[in-house]
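Trainee: I have a new model open and would like to learn how to read it. Can we go through it feature by feature?

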Amino acid sequence: MPAIEHAPHKDGDCFVNYENKVFEDVKAKPGEKALITFHTVANEGSVGFVNLLQATRLIRKGFETSVLLYGPGVTLGVQRGFPRLGDEAFPGHMNCNKQIVKILEEGGKVYACRFALQALYGYGEHNLIPGITPINPQDVLDLTLIARRDNAFILNSWTL
């Protein structure tokens, strides 16, 4: 059996140089906007949560930030919890909900498509996290076109 000749790693050790930032820390110029779109199922992968973190970061960089939940993305904006609404059944269970609340508290706007909410997933507007604005399905395209017209940074989140 081969001998291990180094001490085991311990909490607090680093495997990478996380302090080495390669690119400048970009900040928004006055009036710059960002739109993050979500066509992803809540809690089915990391893309929803990661891009909610990106939305929060864009707000903190000074961008007027909007989040668009459409298709399966509306499931990110539904109130959840177990056994009661707001209860975290296990650590991380409420990450997306908590991040959406943080986005709203920090001045971001969150929109959810009414068609996807009701027709696709059987939810009503009362199921949304307070502060999310329900929109007409035709507004999904118009919100994106407005962002394009305004030269906003657009990040599209898709998963199948």
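Mentor: Let us begin with the cysteines. This is a predicted model. The sulfur of Cys 96 lies 19 Å from the closest cysteine sulfur, in Cys 113, which is too far for a bond.

Trainee: How many disulfides does that leave?

Mentor: A disulfide needs two cysteine sulfur atoms within 2.5 Å. By this rule the count is zero. Cys 113 is in no disulfide either; its nearest cysteine sulfur is that of Cys 96.

Trainee: Are Cys 96 and Cys 113 buried or exposed?

Mentor: Buried means under 20% relative accessible area. Cys 96 has 6% relative accessibility, so it counts as buried. Cys 113 has a relative accessible area of 5%, so it is buried too.

Trainee: Which residues of α2 are buried?

Mentor: Cys 96, Asn 97, Gln 99, Ile 100 and Ile 103. To read a helix, look down its axis and see where such residues point. Here they cover an arc of only 165°, which puts them on the same side of α2. They pack against α1, β2 and β3. After the helix comes Gly 107, with a positive phi near 100°.

Trainee: Asn 97 catches my eye. Where is it, and what does it touch?

Mentor: Asn 97 sits in helix α2, which covers residues 95–105. Its relative accessibility is 7%, so it counts as buried. Set aside residues up to four places away in sequence, and Asn 97 touches Leu 76, Val 78, Gln 79, Arg 80 and Ile 129.

Trainee: Now α4. How do I check the length of a helix?

Mentor: Compare the expected span with the model. Helix α4 has 13 residues, 137–149. At 1.5 Å a residue it should span 18 Å, and its end C-alpha atoms are 19 Å apart, which agrees.

Trainee: Which residues of α4 are buried, and which are exposed on the other side?

Mentor: Val 140, Leu 143 and Ala 147 are buried. Seen down the axis, they fall within an arc of 70°, so they line one face of the helix. Gln 138, Leu 141, Arg 148 and Arg 149 are exposed on the other side.

Trainee: What do the buried residues of α4 pack against?

Mentor: Five strands: β1 (33–39), β2 (64–69), β3 (109–113), β4 (133–135) and β5 (153–158).

Trainee: And the ends of α4?

Mentor: Asn 136 caps the N-terminal end. One of its side-chain oxygens lies 2.7 Å from the backbone nitrogen of Gln 138. After the helix comes Asn 151, whose phi is positive, near 60°.

Trainee: How many residues are in the largest nonpolar core?

Mentor: It has 35 residues. Those with the most contacts inside it are Val 67, Leu 68, Leu 69, Leu 76 and Ile 132. The elements giving two or more residues to this core are β1, α1 (47–60), β2, α2, β3, α3 (114–120) and α4.

Trainee: Show me two of those core residues up close.

Mentor: Take Val 67, in strand β2. Its relative accessible area is 0%, so it is buried. Beyond four places in sequence, Val 67 touches Ile 36, Phe 38, Ala 55, Ile 103, Lys 109, Val 110 and Tyr 111. Its C-alpha atom is 13 Å from that of Leu 141, 74 residues away along the chain.

Trainee: And which residues does Leu 69 contact?

Mentor: Leaving aside neighbours within four places in sequence, the contacts of Leu 69 include Phe 38, Val 74, Leu 76, Val 110, Cys 113 and Ile 132.

Conventions
Residues are numbered from 1 along each chain as its sequence is written. This is a predicted model: local features need pLDDT of at least 70, side-chain atom pairs count only at pLDDT 80 or more; totals for chains, interfaces and linings use all residues. Side-chain values use heavy atoms; hydrogens and water are left out. Helices (H or I, at least four residues) and strands (E, at least two) are DSSP runs, numbered from the N terminus. The expected span of a helix is 1.5 Å times one less than its number of residues. Buried means under 20% relative accessible area, exposed over 50%, partly exposed in between (1.4 Å probe, protein chains only). The arc is that of the directions from the helix axis to the C-beta atoms. Contact means heavy atoms within 4.5 Å. A polar contact is a pair of N or O atoms within 3.5 Å; within protein, one must be able to donate a hydrogen and the other to accept it, and residues adjacent in sequence count only if both atoms are side-chain atoms. A nonpolar core is a set of buried Ala, Val, Leu, Ile, Met, Phe, Trp, Tyr and Cys residues joined through side-chain atoms within 4.5 Å.
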